[in-house]
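Q: I would like to learn how to read a structure like this one. Please show it to me.

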Amino acid sequence: MEDGLSTPVGTRRSFFVKTTVFISSLIGISLAVPLIGYVIAPALQRRNKEWVSLGKADALPIGEPKAMDYTMTEKDGWQESHATKGVWAVKQPNGEVTVFSPICPHLGCGYRWDQQDRLFKCPCHGSVYDIQGTVKAGPAPRPLDTLPSKIENGDLLVQYEEFKSGLPQKVEL
Amino acid sequence: MASRLYQWIDRRLKLKPLEQTLLDEPIPGGASWNYVFGSATLFLFVLQALTGMFLMVYYVPATDHAYDTVHYIQHEVWGGWFVRGLHHWGASAVMVAIGLHMLQVFFDGAYKRPRELMWIVGVILLAIMLAFGFTGYLLPWDQNAYWATQVGINMVGNVPLVGDFLVKALRGGETLGALTISRFFAIHVAFLPVLIAVGIMLHLFILRRVGPAGPHDETRAKAGSETFYPRQVFMDALVMLGVFGVVAMLAISMEFPLADRADPSDHSFVPVPEWYFLFFYQLLKYAPGAWGPLATWLLPAIFFTGLLLLPFLDRNPDRNPSSRRVVLGAGLGFLIVVFSLLSISLRDLYAVPKRDPSVIRGMALVEQFHCKTCHRIHGEGVNVGPDLSFVADRRPDREWHLQHFKNPQSVSPGSFMPKFPLNEKQLNDLTNYILTLKSG
């Protein structure tokens, strides 16, 4: 040490050093926890699915698939957007309604209903399904994807979901 | 483990001399609580930089999204209100820390030769900090942000010759809008941070070249020096913890509200600047007529020129306060003026009539009982019965209103006002509200 320059030594020094390290860690942790949580939290949040009304279930013809469009509000972080989705609804003779996702489980094209053959046909790769969604022909690995639906006060409600294409089982995106 | 890792690195990078330079800097007269203000300021600046970066994770600088993103941060993101609170209160705290730091340097005469350059860089850092405050205030794009910035920019317009040009340059056009928010954002998060980082480095570089001033008292200064580490570092750390604790407590207990979304057509909104601009805001109220425009730019110009030139204006080499009465007196005078203006301004702000909770309940009753289907109040409602906008001017008598609400016909024969089922408390609340309906 130079002349006239002093510095604490021994236990006194180690007290200062240890307290400084402790204080820095305290500040660091009290900042790190909220800051990391703040960045990560929205990533862990599940999209909250809403029931959207497609209209009156009575209006559906029995045994005839009907393409139905509806507008839903999608919340993407701070941004809200309105998206129009189309689904296929089929009313069974017992009054229950099956709602199919409009996306072909093979590779994600949009399929259509062939009124003459009474089959759903995908124009992209030729997958064919019957009115129950069962695969009748083509490369499709699984039946048409059904969407959660229910009837409340006569309204047909549906939850929109999307699934990975090309897999033998339904895996939600 | 940590020390072995350090040794491993040290054997390769030879850190010892660096460590000595950084930590064994001599503090004349020994470590002291007097020297913590600069470190506190630096700490708060780092806190601002950190919380600012995190706010940027969600913030979008555009007029159609800025408000939504801040609202999202404040109300939806986990911990978002806390991060924003830290940034808001940190900005105030940094101003306090700079103020105390400057006071200490001023009182101790630490700006004198050979530390003139350090003082000048410090004054520039203060100006940059104020620019941070001004540009950051606009970013939430709420009513306060919009209108306060509008006023701030208009003040720049008073600068002779180049005023108009400066206003346009700041706004990025004729009006405060999309181009303003994006340039304020760029200034706030890119230009100013680079400038201030360079400024801080320069400030510290000069400190290390010239050395700390130490005590103004000769005998204490000659008593010997102490290394910066560990005692001064310990003191600095303790103060940082205290400062952090205060800022965090403020962020937790006094949430910084977001006002309504900026509405350029709503000219009724009265903006309030941040408290550190308030004394100036108050001062402008006293500048009469033609002096007003001059005061808006001339006073800050004189203030900053004076600060920058302080080491050259005050040429007395003596640092001892007892032999610097005139300079310290001038400084004290300045502080008295600033704090008087600040307190007048705060008093006026808080004198804005706060609504009595009973009055608010009364207002709610007016809605609940649909009074406005027959009465008009300040332009709302239908004129079937009398307009009540200034009813308390005509009828200031409390008893009359209480009686009237209980039984309208008893005090106003022939009135077709129905009796409403009001209990005592509701009668009181409604009457309290009615009595506020007067001019002036």
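Q: What radius of gyration does chain B have, and what would a compact globule of 440 residues have?

A: First, some ground rules. This is a predicted model, in which local features need pLDDT of at least 70 and side-chain atom pairs count only at pLDDT 80 or more, while totals for chains, interfaces and linings use all residues. Residues are numbered from 1 along each chain as its sequence is written, and chains are lettered from A and ligands numbered from 1 in the order in which they are written. The radius of gyration is taken over C-alpha atoms, and the globule rule is 2.2 Å times the number of residues to the power 0.38. Chain B has 29 Å, against a value near 22 Å for a compact globule of 440 residues. Along its principal axes, the C-alpha trace of chain B spans about 100 × 55 × 45 Å.

Q: Into which domains is chain B divided?

A: Domain bounds come from an automatic or database domain assignment. Here domain 1 of chain B covers 27-351 and domain 2 covers 357-436. Their C-alpha centres are 49 Å apart.

Q: How many helices and strands does chain B have?

A: Helices (H or I, at least four residues) and strands (E, at least two) are DSSP runs, numbered from the N terminus. Chain B has 19 helices and four strands.

Q: How do the axes of helix α3 and helix α5 of chain B cross?

A: Two packed helices are described by the angle between their axes and the distance between the axes. Axes are lines fitted to C-alpha atoms, for helices over the stretch in contact, and angles run from 0 to 180 degrees between N-to-C directions. In chain B, the axes of α3 (residues 36-56) and α5 (residues 80-107) come within 8 Å and cross at roughly 160°. α3(B) is therefore roughly antiparallel to α5(B) (the term is used for angles over 145 degrees).

Q: Is B:Asn407 buried or exposed?

A: A residue is buried if 20 or more other C-beta atoms lie within 10 Å of its own, exposed if 12 or fewer, and partly exposed in between; C-beta atoms are placed from the backbone. B:Asn407 counts as exposed because it has 11 C-beta neighbours inside 10 Å. B:Asn407 sits in the loop between α17 (398-406) and α18 (408-411) of chain B. Across chain B, buried residues make up 30% of the 440 residues.

Q: How many residues does the contact take from chain A and from chain B?

A: Two residues are in contact if their C-beta atoms, placed from the backbone, lie within 7 Å. The contact takes 25 residues from chain A and 28 residues from chain B. On the side of chain A that touches chain B, α1(A) gives the most, with 18 residues.

Methods
Angles under 35 degrees count as roughly parallel, over 145 as roughly antiparallel, 65 to 115 as roughly perpendicular and the rest as oblique.
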